[in-house]
Amino acid sequence: MENVVHPIDPVFDENSRILILGSFPSVKSREVQFYYGHPQNRFWKVLASLFHEEIPSDNKGKKDFLLAHHIALWDVIHSCKINGSSDASIRDVTANDLKVILDKANIQKIDKAAIQKIYVNGKTAEKLYRKYIEHELHRDCVCLPSTSPANAVYSLERLLSEWKKIKEALEVL
C-alpha cells in the first residue's frame, strides 16, 4: 500500500455545466499527469464518440475538449492508501473539496462554475461520493457505468447508450 496524494488539478472553467468525477487516478494517469491516461480506459473514446469528434491526442487537447463541451472533471479522492491502480484496495481516504469548483473556484481565480449535474464514473466513485461528499454538499450524483477496462460487462456501444445522458443534459442546460 502506497500513500498517494492526487497529483492532477481539476479541469473546469466558469462555463462548466456538468462535473464528472472518477475515484482516483490510475498509476498510468499519474504518470501522464492527466485523467484516464491508460490506453485501455474507454473514457476518451466514449466522450469523443458522443460528440462526434476525434479522440484528443494530448493533455492540452483533452482539457480543451472538456472545456469546449462545458464539462468539468476531477476525482472524489484527494489522498488515500492504494495498491497500484486497484480501487478495491483504497483505504484511509481524504476527499477532494468540491467546493473549489462548485462555490468559489480559487484555483483558477474564476467565478464559480455553474455545475448543474454531477456524474460519477462507476460504482466505486459513487460509493466514495456518497460516503465522503454528498452529506456535505447536499447534492446527488448520477452513476454512469465505469469506462475502466475492468468493466468488461459493458461493451463500447452499451457504455455510449448510458453515457449519452451527459450529452442530453448539456443540450438542456
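**View 1. Isoleucine 166 has its place in helix α7.** Helices here are DSSP runs of H or I with at least four residues, strands are runs of E with at least two, and both are numbered from the N terminus. This is a predicted model, where local features need pLDDT of at least 70 and side-chain atom pairs count only at pLDDT 80 or more, while totals for chains, interfaces and linings use all residues. Residues are numbered from 1 along each chain as its sequence is written, and side-chain values use heavy atoms, with hydrogens and water left out. Is isoleucine 166 buried or exposed? With 0% relative accessibility, isoleucine 166 counts as buried; the cut-offs are under 20% relative accessible area for buried, over 50% for exposed and partly exposed in between, using a 1.4 Å probe and protein chains only. Once neighbours within four places in sequence are set aside, isoleucine 166 is in contact with Ile18, Ile20, Ile71, Tyr119 and Leu144, where contact means heavy atoms within 4.5 Å. For a sense of scale, try glutamate 14: its C-alpha atom is 18 Å from that of isoleucine 166, and the two residues are 152 residues apart along the chain.

**View 2. Helix α7 has a kink centred on glutamate 162.** The helix covers residues 156-172, and its 17 residues should span 24 Å at 1.5 Å a residue; the expected span is 1.5 Å times one less than the number of residues. The end C-alpha atoms sit 25 Å apart, which agrees with that figure. The kink comes to about 35°, where the bend at a residue is the angle between axes fitted to the seven residues ending there and the seven starting there. Isoleucine 166 has buried company in α7: Leu159, Trp163, Ala169 and Leu170. What covers the buried residues of this helix? The cover includes strands β2 (18-22), β3 (71-75), β6 (117-121) and β7 (142-144), along with helix α2 (43-50).

**View 3. Helix α2 is largely enclosed by the rest of the structure, because six of its eight residues are buried.** Those residues are Phe43, Trp44, Val46, Leu47, Ala48 and Leu50. Their cover includes α7 and α3, plus strands β2, β3 and β6. Just after α2, look for histidine 52, which takes a positive phi of about 55°.

**View 4. Phe34, Tyr35, Tyr36, Phe43, Trp44, Phe51, Phe65 and Trp163 make up one aromatic cluster.** Searching the whole structure turns up seven aromatic pairs. Rings of Phe, Tyr and Trp (its six-membered ring) pair if their centres lie within 6.5 Å, and planes under 30 degrees apart count as stacked, over 60 as edge-to-face and the rest as tilted. Tyrosine 36 and phenylalanine 43 have ring centres 4.0 Å apart and planes at 15°, so this pair is stacked. Tyrosine 36 and phenylalanine 43 are both buried. Phenylalanine 51 and phenylalanine 65 pair edge-to-face, at 5.9 Å centre to centre with 80° between the planes. That second pair links distant parts of the chain, 14 residues apart: phenylalanine 51 belongs to the loop between α2 and α3 (59-68), and phenylalanine 65 to helix α3. Phenylalanine 51 and phenylalanine 65 are buried too.

**View 5. Arginine 158 lies over the face of tyrosine 154.** The distance from the ring centre is 3.9 Å. A charge sits over a ring if NZ of Lys or CZ of Arg is within 6 Å of the ring centre and within 35 degrees of the ring normal.

**View 6. Threonine 147 is in the loop between β7 and α7.** With 0% relative accessibility, threonine 147 counts as buried. Skipping residues up to four places away in sequence, threonine 147 touches Tyr36, Asn41, Arg42, Phe43, Val46, Asn121, Leu159 and Trp163.

**View 7. Serine 23 is in the loop between β2 and α1 (27-32).** Serine 23 is buried, at a relative accessible area of 7%. Residues up to four places away in sequence aside, serine 23 touches Asp75, Val76, Ile77, Asp87, Thr124, Ala125 and Leu128. The C-alpha atoms of serine 23 and aspartate 92 are 13 Å apart, with their positions 69 residues apart along the chain.

**View 8. Cysteine 141 and cysteine 143 have sulfurs too far apart for a bond.** How many disulfides are there? The count comes to zero, a disulfide being a pair of cysteine sulfur atoms within 2.5 Å. The closest cysteine sulfur to that of cysteine 141 is in cysteine 143, 6.7 Å away. Cysteine 141 is buried at 4% relative accessible area, whereas cysteine 143 counts as partly exposed at 22% relative accessibility.
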